[in-house]
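Dear colleague,

I am passing on the structure we spoke about, with a short account of what was found in it. Please have it open while you read.

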Amino acid sequence: MPIAALDDARLEHPGLADYADLTDVALRRILEPAGGLYLAESSKVIARAVEAGHRPRSVLLQEKWLPDLAWVGERFPDVPIYVASDAQLEQLTGFQMHRGALASMHRPELPSLSSLLTDAHTVVVLEDIVDHTNVGAAFRSAAGLGADAVLISPRCADPLYRRSVRVSMGTVLQVPWTRIGEWKEAVPALHEAGFTIAALALGDDSIPLPEFTASLPERVAIVLGTEGDGLSRRALAAADVRVEIPMLHGVDSLNVASASAVALYALRFASQRSAR
């Protein structure tokens, strides 16, 4: 396998361009999807990416992590593996690599909405959530609590941004997902597939989550909104029902990632109860 030990002079190597200056979040958000690449951070996440069928373009790591990732070179003998010191890695990437390894991965083609909905019963819709940490946490909830797919709006943050992948513990590579169009396109597709669109939102016409799950529809799309303003008026208008999580002590709502976990757990519990 092509292993290259880097010296300071080789940090300008063209093959390392994927890893340069990763602290510029806005720049990465623009370049990663357009460039057809994303970054997998840590040996565990790299393994999950490959298990999901994704192909690495290169790997960058500390020497001590080489034994853990030797299988990459065996499986992909044409993929270069760059080995560098801690100081060199920080100089190149702009941050301390606590997890010791990065892989530049080719992005898979996103599945169609119709293909994801065919056999699904519970899907999560993330509308305009711009914080990568919240996106990753929502995916982790979806994976752990049984959502069949995640749908993200055109302005939602990239699930394959390295912070989203890291926070999700790699589950963004396991849960089927795709980017949907505007509501006028998504609503007919969801309804045609038999989904009830449930907006998680406060309002005079909202019903408590336990009441909603007491007569749970066969197929549910739970919609969660952006951190500051919540769901847009278009999303609320598109919803068949508004659902709220009952709160105490004057607290009106939860963080969007926490809310996704509570809602999905309630749906899962209700579904299991009705199946008995």
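**The sheet and its helix**

Strands β6 (residues 122-126) and β7 (residues 149-152) run parallel and are joined by four bridges, and one of the pairings matches Leu 126 with Ile 152 in β7. Please bear in mind that this is a predicted model. These two strands belong to an open sheet of seven, with parallel pairing, in the order β8-β7-β6-β11-β9-β12-β10. At its edges stand β8 (177-179) and β10 (207-208), and because each has a single partner strand, one side of each is left without a neighbour in the sheet. Helix α8 (residues 183-192) packs on this sheet, where it touches β6, β7, β9 (196-200) and β11 (220-224), and its direction makes about 130° with that of β9.

**The cavity**

How many cavities of 30 Å³ or more does a search of the whole structure find? There is one, and the volume of the largest cavity is about 80 Å³. Its lining includes Val 125, Glu 127 and Asp 128, together with Ser 153, Pro 154 and Arg 155, and also Trp 183, Ser 232 and Arg 234. By class, the lining residues divide into five charged, four nonpolar and three polar.

**The protein overall**

The protein has 11 helices and 12 strands, and 50% of its 276 residues count as buried. Among contacts with a separation of 6 or more, 80% are between residues 24 or more positions apart.

With best wishes

Notes
Residues numbered from 1 in each chain as written. Predicted model: local features only at pLDDT ≥ 70, side-chain atom pairs only at ≥ 80, totals over all residues. Heavy atoms only, no water. Pairing = 2+ DSSP bridges. Contact = heavy atoms within 4.5 Å. Axes fitted to C-alpha atoms, helices over the stretch in contact; angles between N-to-C directions. 1 Å grid on protein atoms, 1.4 Å probe; cavity = no way out; pocket = protein on both sides within 12 Å on 5 of 7 lines; lining within 4 Å. Points joined across faces, edges and corners; volume = space filled by probe spheres on them. Nonpolar A, V, L, I, M, F, W, Y, C, P; charged D, E, K, R; others polar. Buried < 20%, exposed > 50% of the residue type's maximum accessible area, 1.4 Å probe, protein only.
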